[in-house]
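Q: Please take a close look at one part of this protein and then set that part in its wider surroundings. A connected account would serve better than a list.
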Amino acid sequence: MEFTDKVAVITGGARGLGLAYAKALAKRGARVVLGDAGADNSGQGSDASVVQQAAQALEQQGFQARAHQGEYSQEADCQSLIAMAVEAFGGVDIIIHNAGWVDYQPIEQTDSAFLERALGINVYAPLWLCKHGWPHLKRSACPRVVLTTSDRAMFDEYAQVGLAGYAAGKMAQIGIMNALALEGKPAGILVNAISPVAKTRMWGVQGTPTTDLTPESVVPGVLYLASGECRESGYVLRASNGQFTATRFVENQGVDYPLDLARIAVENAEDFAERWSQIKER
């Protein structure tokens, strides 16, 4: 699976999963642009040296890499990141929105600043990146977008108290994926999402794990979604410990939306209550 001369933009690219993706793409010939705020472990502040050092390390290994420091919830910084890729390497073929932020705030304590931060990196950032990357993706021979969702949002078994804001942003990326998969279809732009499990700073893990749940164990799936081998859009790829499973929302057979859901018909609330066991069947 080759990426020779492909240009990949990777947010959160200086550490953890993002850096693992960047290294793997660069080793296979891609020219990578790492975007990272350089925030501390709590997600606060910024430090341009973090992403600069990551890009320099790749360059010292003989790869083509550039560093961009920015706050990607802001449109101007997303525009600047895409512009850097175009100026440095002539275009954009791959956008991987990996940057994220997680913190806990019980619903009764939720405030607007907390929600803005959670939604900024998960909703605004992918939209701004794609807005400014779209014209260049449309000119690419193999345009790919990989967003990032979370099992914590998709499955009630893995929900956690205080993660409502985080879950809202991660589920939003599934909606963005579906919408942009349709919008990108005429131009051949494929849009999918990764739901990774790996021990990174967002798990409160310092350093790089060497056994279970390594960032590198997620890499094969992301490489595939970013490659010409991938021919489908609208999939969520769950990745954990070197294992993968793909899923998507698919309508039931026989549905004539929105007139006929081809399911259980009821006449009133009491009838609904009696049929609930049938209605909730998966």
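Where is the place of His-136?

A: The model is a predicted one. His-136 has its place in helix H4, which comprises residues 112-137. The histidine counts as buried because its relative accessible area is 19% and the cut-off for that class is under 20%. From His-136 to Thr-247 there are 111 residues in sequence, and the C-alpha atoms of the two are 28 Å apart in space.

Helix H4 itself has two further features. At the N-terminal end of H4, Asp-111 acts as the cap, with a side-chain oxygen 3.2 Å from the backbone nitrogen of Ala-113. Further along, H4 does not keep one direction, for a bend of about 50° occurs at Gly-120.

Two other helices offer residues to set beside His-136. Helix H6 covers residues 164-184, and Gly-169 lies within H6. This glycine is classed as buried because its relative accessibility is 0%. Its C-alpha atom is 9.4 Å from that of Ser-150, a residue 19 positions away in sequence. Helix H2 spans residues 48-60 and contains Ala-57. Ala-57 is partly exposed, since its relative accessibility is 32%, a value between the 20% and 50% limits. The C-alpha atoms of Ala-57 and Ala-8 are separated by 17 Å, with their positions 49 residues apart along the chain.

Helix H6 also leads to a pocket. The second largest pocket has a volume of about 270 Å³. Its lining consists of 13 residues, of which Ala-181, Leu-182, Ser-233, Gly-234 and Arg-248 are the closest to the centre. The greatest contribution to this lining comes from H6, which supplies 4 residues. By character, the lining of the second largest pocket comprises 5 nonpolar, 5 polar and 3 charged residues.

The strands and loops further along the chain show some backbone geometry that deserves attention. Strand S7 covers residues 236-240, and Asn-241 is situated in the loop that connects S7 to S8. Asn-241 has a positive phi, about 60°, even though it is not a glycine. Asn-241 counts as partly exposed because its relative accessible area is 35%.

Strand S8 (243-247) is followed by the loop that leads to helix H8 (269-279), and Pro-258 belongs to this loop. The peptide bond between Tyr-257 and Pro-258 is cis, with omega about 5°. The loop between S8 and H8 also holds Asp-260, as well as Ala-262. These two residues are in contact: the side chain of Asp-260 comes to 2.8 Å from the backbone nitrogen of Ala-262. Ala-262, like the asparagine described above, is a non-glycine residue with a positive phi, here about 55°. Ala-262 is partly exposed, since its relative accessible area is 34%. Asp-260 falls into the partly exposed class because its relative accessibility is 39%. Between the C-alpha atoms of Asp-260 and Ala-26 the separation is 49 Å, with the two residues 234 positions apart along the chain.

The domain assignment completes the setting. It divides the protein chain into domain 1, residues 5-249, and domain 2, residues 251-281. The C-alpha centres of the two domains are 38 Å apart.

To return to the residue in the request: His-136 is a buried residue, with a relative accessible area of 19%, and its place is in helix H4, the helix that is capped by Asp-111 and bent at Gly-120.

How values were computed: Residues are numbered from 1 along each chain as its sequence is written. This is a predicted model: local features need pLDDT of at least 70, side-chain atom pairs count only at pLDDT 80 or more; totals for chains, interfaces and linings use all residues. Side-chain values use heavy atoms; hydrogens and water are left out. Helices (H or I, at least four residues) and strands (E, at least two) are DSSP runs, numbered from the N terminus. Buried means under 20% relative accessible area, exposed over 50%, partly exposed in between (1.4 Å probe, protein chains only). On a 1 Å grid over the protein atoms alone, a cavity is a set of points where a 1.4 Å probe fits but cannot get out, and a pocket is an open set with protein on both sides within 12 Å along at least five of seven lines; lining residues have an atom within 4 Å of a point. Grid points are joined across faces, edges and corners, and a volume is the space filled by probe spheres set on the points. Ala, Val, Leu, Ile, Met, Phe, Trp, Tyr, Cys and Pro count as nonpolar, Asp, Glu, Lys and Arg as charged, and the others, Gly among them, as polar. The bend at a residue is the angle between axes fitted to the seven residues ending there and the seven starting there. A polar contact is a pair of N or O atoms within 3.5 Å; within protein, one must be able to donate a hydrogen and the other to accept it, and residues adjacent in sequence count only if both atoms are side-chain atoms. Domain bounds come from an automatic or database domain assignment.
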